[in-house]
Amino acid sequence: RIGTFKSMLLYIQEHYHEKVSLEEIADVGSVGKTLCAKLFRTYTSKTPGEYLIHYRIQKSLDLLTYTRDSITDIAYAVGFCKSLHQDFPGYYGVYPA
């Protein structure tokens, strides 16, 4: 099962900037959506969607720190459809600046 989980995790890490669905993640591991979610809960304590958001925010922090790109440009670069302002405060309690 760890190999299955790793393949799904790698898929997220390689495609985080795209629209990613639970079905796509599960297909990569050749498992159903329920088992996919269970594996993510077991190994990350997050759902696949929560992990994806967490990963995108981590990538956005790197870009905020090491580039002069605008917040909007960074949000789109990491796969957020609207803005970092929607998800960032839920994880860090502050807005990106």
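A salt bridge here is a side-chain nitrogen of Lys or Arg within 4 Å of a carboxyl oxygen of Asp or Glu. With that in hand, welcome to a set of close-up views of a predicted model, which holds 1 salt bridge.

**View 1. Glu50 and Arg41 meet in a salt bridge.** The two side chains come together at 3.8 Å, N to O, and 1 salt bridge is what the structure holds. How accessible are the partners? Glu50 counts as partly exposed, because its relative accessibility is 32%. Arg41 also counts as partly exposed, because its value is 44%.

**View 2. The whole chain, for orientation, is built from helices.** Its secondary structure comes to 6 helices and 0 strands, and from the N terminus on the elements run α-α-α-α-α-α. Of the 97 residues, 33% count as buried. The accessible surface comes to about 6000 Å², and carbon and sulfur atoms hold 51% of that area. If you are thinking about contact maps, take the contacts with a separation of 6 or more: residues 24 or more positions apart account for 49% of them.

**View 3. The largest nonpolar core has 20 residues.** Met8, Ile12, Ile25, Cys36, Phe40 and Tyr51 are the members with the most contacts inside the core. H1, H2, helix H3 (33-44) and H4 each supply at least two of its residues, and the largest share, 5 residues, comes from H1. Let us zoom in on Ile12. Leaving aside neighbours within four places in sequence, Ile12 is in contact with Ile25, Phe40, Pro48, Tyr51 and Leu52.

**View 4. Tyr16 and Tyr55 form an edge-to-face aromatic pair, one of 5 aromatic pairs in the whole structure.** The ring centres are 5.3 Å apart, with 70° between the planes. Which parts of the chain does this pair link? Tyr16 sits in the loop between helix H1 (2-15) and helix H2 (22-28), while Tyr55 belongs to helix H4 (residues 48-66), so the pair links distant parts of the chain, 39 residues apart. Both tyrosines, Tyr16 and Tyr55, are buried. Step back a little and a cluster appears: ring pairs link Phe5, Tyr16, Phe40, Tyr43, Tyr51 and Tyr55.

**View 5. Arg56 lies over the face of Phe80.** The distance to the ring centre is 5.9 Å. Arg56 is found in helix H4. Is Arg56 buried or exposed? It counts as buried, because its relative accessibility is 9% and the cut-off for buried is under 20%. Beyond neighbours within four places in sequence, Arg56 has contacts with Tyr16, Glu18, Lys19, Val20, Val78, Gly79 and Phe80.

**View 6. Val78 is a buried loop residue.** Val78 lies in the loop between helix H5 (71-77) and helix H6 (84-92). Why does Val78 count as buried? Its relative accessible area is 0%, so Val78 falls in the buried class. Which residues does Val78 touch, not counting those up to four places away in sequence? The answer is Tyr16, His17, Arg56, Lys59, Ser60 and Leu63. For a backbone distance to try in your viewer, take Val78 and Gln58: C-alpha to C-alpha, they are 9.4 Å apart in space, and 20 residues apart in sequence.

Definitions and conventions: Residues numbered from 1 in each chain as written. Predicted model: local features only at pLDDT ≥ 70, side-chain atom pairs only at ≥ 80, totals over all residues. Heavy atoms only, no water. Phe/Tyr/Trp six-rings, centres within 6.5 Å; stacked < 30°, edge-to-face > 60°. Helix = DSSP H or I, 4+ residues; strand = E, 2+ residues; numbered from the N terminus. Buried < 20%, exposed > 50% of the residue type's maximum accessible area, 1.4 Å probe, protein only. Lys NZ or Arg CZ within 6 Å of the ring centre and 35° of its normal. Core = buried A, V, L, I, M, F, W, Y, C linked by side-chain atoms within 4.5 Å. Contact = heavy atoms within 4.5 Å. Areas by Shrake-Rupley, 256 points an atom, 1.4 Å probe, with all protein chains shown as cover.
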